[in-house]
Amino acid sequence: MTALNSLALPLTRIPPEDEALRPVVRAFLQEAVRDMPAHLRARSWGGYDTAFSRRIGERGWIGLTLPSEYGGGGRSAFARYVLVEEFLNAGAPVGSHWIADRQSAPLILKYGTEAQKRFHIPRICRGESFFCIGMSEPNSGSDLASVRTRAVPNEGGWLLNGQKIWTTNAHYCQYMIALVRTSGAPEDRHKGLSQVIVDLSLPGVTVRPIEDLSGDSHFCEVFFDNVQLGSDALIGAEGQGWEQVTAELAFERSGPERLYSSIVLFDQWLDYARLPANRTSSAQRLAGKVLGQLTPLRAMSVSVQEKLTRGASPIVEAALVKELGTTLEQMIPAWIAEDLYSREAEDIPVELLMTLKYVTEASPSFSLRGGTREILRGMIARGLGLR
């Protein structure tokens with residue numbers, strides 16, 4: 001019972017001053033994505049559009065929670081939650097700045113030197129500088145602690161060798177924050193790990209996109225062959241990388257992006273199923289099933305956000321949101337396909353089928369990115385005292 005109590009997620013309301021941002025963002029997005037077909041909007045935080053990123057950067061909507069002295073908006077984390085929720089529900093193409101805004105800039109703000117903050121954060125906030133995350137490696141599965149990529153100190157700073165994989169949008173980004181081993185051996189697990197900023201234009205860096213089932217190439221392999229990093233590449237303290245990266249993952253695993261990857265498809269299907277000619281009792285049950293799961297999951301996500309706002313580190317709670325959320329995201333296209341394929345084919349809009357095709361092909365990745373289902377369930381079980 002003690003373990004269950006420690007994982008309590010009390011009901012939390014987004015403050016009114018932050019909710020007030022919602023109609024402003026919604027009105028902007030109605031115009032901004034008006035001409036985008038649903039099957040493209042369904043990509044949302046995987047959609048790459050640098051012009052869109054610069055446009056919202058001009059509005060102060062990147063780095064919304066970061067201090068104004070570094071170009072940020074100085075708003076609360078709940079204001080950013082509202083912003084992200086509206087972006088995802090509209091299917092806005094936010095992928096170019098997504099990781100820099102969600103993780104890289106906050107990490108640099110917390111652990112970086114003053115020079116790193118002054119150089120990187122304003123560029124991120126303007127929608128000019130994009131980051132990717134170098135965590136996963138080949139032959140390691142989800143065992144993040146088995147990192148083999150190594151940065152060795154030398155007179156120029158750090159010499160980097162190794163390989164990363166499943167790195168989102170690395171072929172478009174200027175920088176990577178990589179988890180590397182700066183001392184010891186892989187057998188040392190969490191000891192000797194550090195984080196470094198890698199300029200992906202440096203000699204010795206090779207990026208190879210990986211085409212997925214949908215035909216997109218979000219994921220990449222990244223190779224480092226004697227890449228010379230400066231002495232200022234290290235973020236935080238040498239050897240403290242594991243502590244830093246686990247705190248970073250709580251932001252990655254609990255946000256609206258773990259709930260709404262299939263929402264453009266669901267909304268499109270809902271519009272179709274509401275038409276008098278398409279109303280069926282099975283469609284009503286399906287809509288109720290999705291909304292009945294999505295509503296408490298959103299409440300859990302907002303509650304985790306409140307804990308993060310207070311400076312807590314709700315790693316297990318975030319894992320729970322991610323596991324339940326991505327499961328629902330994967331079930332939505334399966335349930336919608338079951339409904340649509342029970343109908344006459346000529347009555348189903350082609351655009352709806354195109355969106356269903358994309359989300360169905362992309363959905364296996366939902367439970368991989370940000371930590372696999374098996375790893376997350378192990379974390380949850382330990383948090384509940386079950387293993």
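Q: Before we start on the domains, what does "contact" mean here?
A: Two residues are in contact when they have heavy atoms within 4.5 Å, and the model to which this is applied is a predicted one.

Q: OK, so how many residues of domain 2 are in contact with domain 3?
A: On that definition, 6 residues of domain 2 are in contact with 5 residues of domain 3. The C-alpha centres of these two domains lie 31 Å apart.

Q: Where do the domains run along the chain?
A: The domain assignment puts domain 1 at residues 16-129, domain 2 at 133-239 and domain 3 at 253-384.

Q: And what area do domain 2 and domain 3 bury between them, and how many salt bridges are counted there?
A: They bury about 510 Å² between them, with 65% of that area on carbon and sulfur atoms, and the count of salt bridges between domain 2 and domain 3 is 0.

Q: What does UniProt place at residues 16-128?
A: The unreviewed UniProt entry places the feature "domain: Acyl-CoA dehydrogenase/oxidase N-terminal" at those residues. Over that stretch the chain of the model is 64% helix and 0% strand, and the end C-alpha atoms are 31 Å apart.

Q: Let's take a helix from there. What span should α8 have, and what does the model give?
A: Helix α8 covers residues 114-125, and because a helix is expected to advance 1.5 Å a residue, its 12 residues should span 16 Å; the end C-alpha atoms are 16 Å apart, which agrees.

Q: Which residues of α8 are buried, and what do they pack against?
A: The buried residues of α8 are Gln116, Lys117, His120, Ile121, Pro122, Ile124 and Cys125. They pack against two helices, α5 (50-58) and α7 (95-111), and against the strands β1 (131-134), β4 (175-181), β5 (193-199) and β8 (234-235).

Q: What follows α8?
A: Gly127 follows α8, and the phi of Gly127 is positive, near 75°.

Q: How about α12, is that helix enclosed or open?
A: Helix α12 is largely enclosed by the rest of the structure, because 19 of its 26 residues are buried. The helix runs over residues 315-340 and reaches 38 Å from its first C-alpha to its last, close to the 38 Å expected at 1.5 Å a residue.

Q: Switching to charges, how many salt bridges does the structure hold?
A: The structure holds 21 salt bridges. As background, side chains of opposite charge can pair when their charged atoms come close.

Q: Which residue does Lys164 pair with, and where do the partners sit?
A: Lys164 forms a salt bridge with Glu137, the closest N and O atoms being 2.9 Å apart. The pair links distant parts of the chain, since Lys164 is in strand β3 (residues 157-164) while Glu137 is in the loop between β1 and β2, 27 residues apart. Both Lys164 and Glu137 are buried.

Q: What else touches Glu137?
A: Ser146 is in contact with Glu137, and, leaving aside neighbours within four places in sequence, Ser146 is also in contact with Ser140, Pro186 and Arg189. Ser146 is found in the loop between β1 and β2 (150-154), and with a relative accessible area of 14% it is buried.

Q: What about Arg22, buried or exposed?
A: Arg22 counts as buried because its relative accessibility is 11%, and the cut-off for buried is under 20%. Arg22 forms a salt bridge with Glu19, the closest N and O atoms being 2.8 Å apart, and Glu19 is partly exposed at 27%.

Q: How does Arg310 compare with the cut-off for exposed, and what is its partner?
A: Arg310 counts as exposed at 54% relative accessibility, the cut-off being over 50%. Its salt-bridge partner is Glu306, with the closest N and O atoms 2.8 Å apart. Elsewhere, salt bridges that share partners join Glu19, Arg22, Arg26, Glu85, Glu86 and Arg298 into one network.

Q: Last topic, backbone angles: what is the phi of Trp166 and of Asn169?
A: Trp166 has a positive phi near 60° in a residue other than glycine, and Asn169 has a positive phi of about 60° although it is not a glycine. Trp166 lies in the loop between β3 and β4, and so does Asn169.

Q: Are they buried or exposed?
A: Trp166 counts as partly exposed at 48% relative accessibility, whereas Asn169 counts as buried at 3%.

Note on methods:
Residues are numbered from 1 along each chain as its sequence is written. This is a predicted model: local features need pLDDT of at least 70, side-chain atom pairs count only at pLDDT 80 or more; totals for chains, interfaces and linings use all residues. Side-chain values use heavy atoms; hydrogens and water are left out. Helices (H or I, at least four residues) and strands (E, at least two) are DSSP runs, numbered from the N terminus. The expected span of a helix is 1.5 Å times one less than its number of residues. Buried means under 20% relative accessible area, exposed over 50%, partly exposed in between (1.4 Å probe, protein chains only). UniProt positions are given in the numbering used here, feature names are shortened, and annotations may be inferred rather than shown by experiment. Domain bounds come from an automatic or database domain assignment. Buried area is the accessible area (1.4 Å probe) that two parts lose on being put together, summed over both. A salt bridge is a side-chain nitrogen of Lys or Arg within 4 Å of a carboxyl oxygen of Asp or Glu.
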